[in-house]
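This report looks in turn at a helix and its end, at the disulfides, and at a sheet. The sequence and the structure are shown first.

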Amino acid sequence: MGRFSAWTLGLVAAAVLVAAAPAEAGQVIVVDGKHAVRVNDPTAPSKAWIERSSAGVASVARAPRKKQRADRRAVYRALKRARASKRISASQARRWRAWYVRSIRTYRHLRGARKQQLGYVIDALEAEAIRNLLSPTRMPAAFVQLERNRRYWPSLPYPAARDQVTFKGSEIVYVFFPGEGLQMHPLTTFKKANLIHGACERGEPGCNRAALRSLLDEMERLAVRRSRSFVAWEYMFSFDGGTPPWISGMAEATAIQAYGRAADLLGEPHYDDVAREALGAFEALPPLGVRTTGFAGGIHYLQYSFAPRLYIFNAFLQSLIGLRDFGLIADDARATRLFEEAEPEAEKEIPYSDVGDWSRYSYRGPESTHDYHELLREFLASMCTRRVAEIYCEYADRYRGYQVDPPRLTYTGPDTTVSKQLTALRFQVSKLSAVEAKVYRGDKLVYDKIATFRRGTGAFAWRPRGPGMFTVRLGAKELRTGMGKKDRATTEIEVEPKP
């Protein structure tokens, strides 16, 4: 842990002010019976946040197919076994079976894309049953999601990708993934809980303690016991190569953080118990849990339980933030230990996210999109405000610079060349940019070319037609942020006659 300088504390203070600002309102489709309306909700995450926090590309959904009797029998058998073991009540078994039968009937009357959305959700439920994964602990979330989709797809407004959908009487957020229907999204739901908590802490209109309590109570009922030692909130759709059900370290940590904060705000110690039950995800190895060995040799917490060698920088930091916050709020030694076991690995990993003018999304992975770069910067700033170590402040500041600083463009030669000779007009540029080279003889433009160059050395090939003094004007426009910041460089080059 580094000692903090005056510069660091200044950055901390600035970040605290940013964190205290009201959150950007998100749009939500609210379903009330057979009607739905799109509303702006200050306690809903923005769509941009959902885009940033949903990594990868969803799998291509299967085409709608005729429902097989074997699939239906598997669902019925799962319900029968659960009822025989007395792990679900008779009323639950009847209700869930009725929802399933109604979904099949609705599916048969749908056409096109709407049929595909509901079909995927039915297929996913049946696939769990066939694989003997539709256990009593998974049934509440699975059947509620099925019923939500059955109600939505016959006639309600067709959503856009990543739209958020909620249903009257429920605070849970479903997100639309094209081809995979409305999917319960634990990370977005618990982010919403944190936004409500933040509104209450700041005394803003978005504060709704009853809604916060309702959300957390509902999510507690939908938690899945993945082992005897812990509960989790599962994702029930295929994603980035992963087959459901899977969990996310980022979502689990955000849930733990949300329950801990609400326990303090609402005076409800039971929520601390729920959070403690979820800590086991950070002690279990994948695919059950999210604990693995990081590429620097320490403990790393995974974004996806199905991807044990995918080290995503932003998700790891949020896992640490959630654990640290709960450890402090609830005075929980176990959460604090889990944070302290893995935080040194994060300090070693963060430098590997830097490519010199931007960040990487994952270790040895692609460069971040604009949204993922901002998400990583936000989490680094959050670690900075918590005074964990100065390295987080340094990289938060550096990555902000990559976003707002203009490119630096320097002409590096030559100063002379020979007529008719192919000449490299060399330069250095500090960040990914569109670079234009123009060569003038007096007022006459004799050469004009533009190309994209990454950070480092670049050159344009120019063949002067005759001797004389020429003016070289270079311009660079950065490409990543959309801010279009520029830099220029001008020099003279003497072209000597060909010997």
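## Helix α13 and the residue that follows

Arg-387, which follows α13, has a positive phi, near 55°. The model described here is a predicted one, and the helix that comes before Arg-387 can be checked against its expected length. Helix α13 covers residues 370–385, and because its 16 residues should span 22 Å at 1.5 Å a residue, the 23 Å between its end C-alpha atoms agrees with that expectation.

Many positions of α13 are listed as buried, among them the aromatic residues Tyr-372 and Phe-379, and also Leu-375, Leu-376, Leu-380, Ala-381 and Met-383. The buried residues of the helix also include His-373, Glu-374 and Arg-377, together with Cys-384, and the last of these, Cys-384, takes part in a disulfide with Cys-393.

## The two disulfides

The structure holds two disulfides, and when the bonded cysteines are counted along the chain their pattern is 1-2, 3-4. One of them joins Cys-200 to Cys-207, with an S to S distance of 2.1 Å, and this link is right-handed, with 90° about the S-S bond. How do the two cysteines of this link stand in terms of burial, buried or partly exposed? Cys-200 has a relative accessible area of 10% and is therefore buried, since buried means under 20%, whereas Cys-207, with a relative accessible area of 24%, is partly exposed.

The other disulfide is formed by Cys-384 and Cys-393, whose sulfur atoms are 2.1 Å apart. The link of Cys-384 and Cys-393 is right-handed, with 95° about the S-S bond, and both of its cysteines are buried.

## A five-stranded open sheet

Five strands form an open sheet in the order β11-β17-β16-β13-β14, and their pairing is mixed. The edges are taken by β11 (416–418) and β14 (444–453), and because each has a single partner strand, one side of each is left without a neighbour in the sheet. From one strand to the next, the twist averages 25°.

In general, the strands of a sheet pair through backbone hydrogen bonds, either parallel or antiparallel. At the β11 edge, the pairing is with strand β17 (residues 486–496): the two run parallel and are joined by three bridges. Within this pair, Thr-416 stands opposite Glu-494 in β17.

How values were computed. Residues are numbered from 1 along each chain as its sequence is written. This is a predicted model: local features need pLDDT of at least 70, side-chain atom pairs count only at pLDDT 80 or more; totals for chains, interfaces and linings use all residues. Side-chain values use heavy atoms; hydrogens and water are left out. A disulfide is a pair of cysteine sulfur atoms within 2.5 Å. Buried means under 20% relative accessible area, exposed over 50%, partly exposed in between (1.4 Å probe, protein chains only). Helices (H or I, at least four residues) and strands (E, at least two) are DSSP runs, numbered from the N terminus. The expected span of a helix is 1.5 Å times one less than its number of residues. Two strands pair if DSSP finds at least two bridges between them. Axes are lines fitted to C-alpha atoms, for helices over the stretch in contact, and angles run from 0 to 180 degrees between N-to-C directions.
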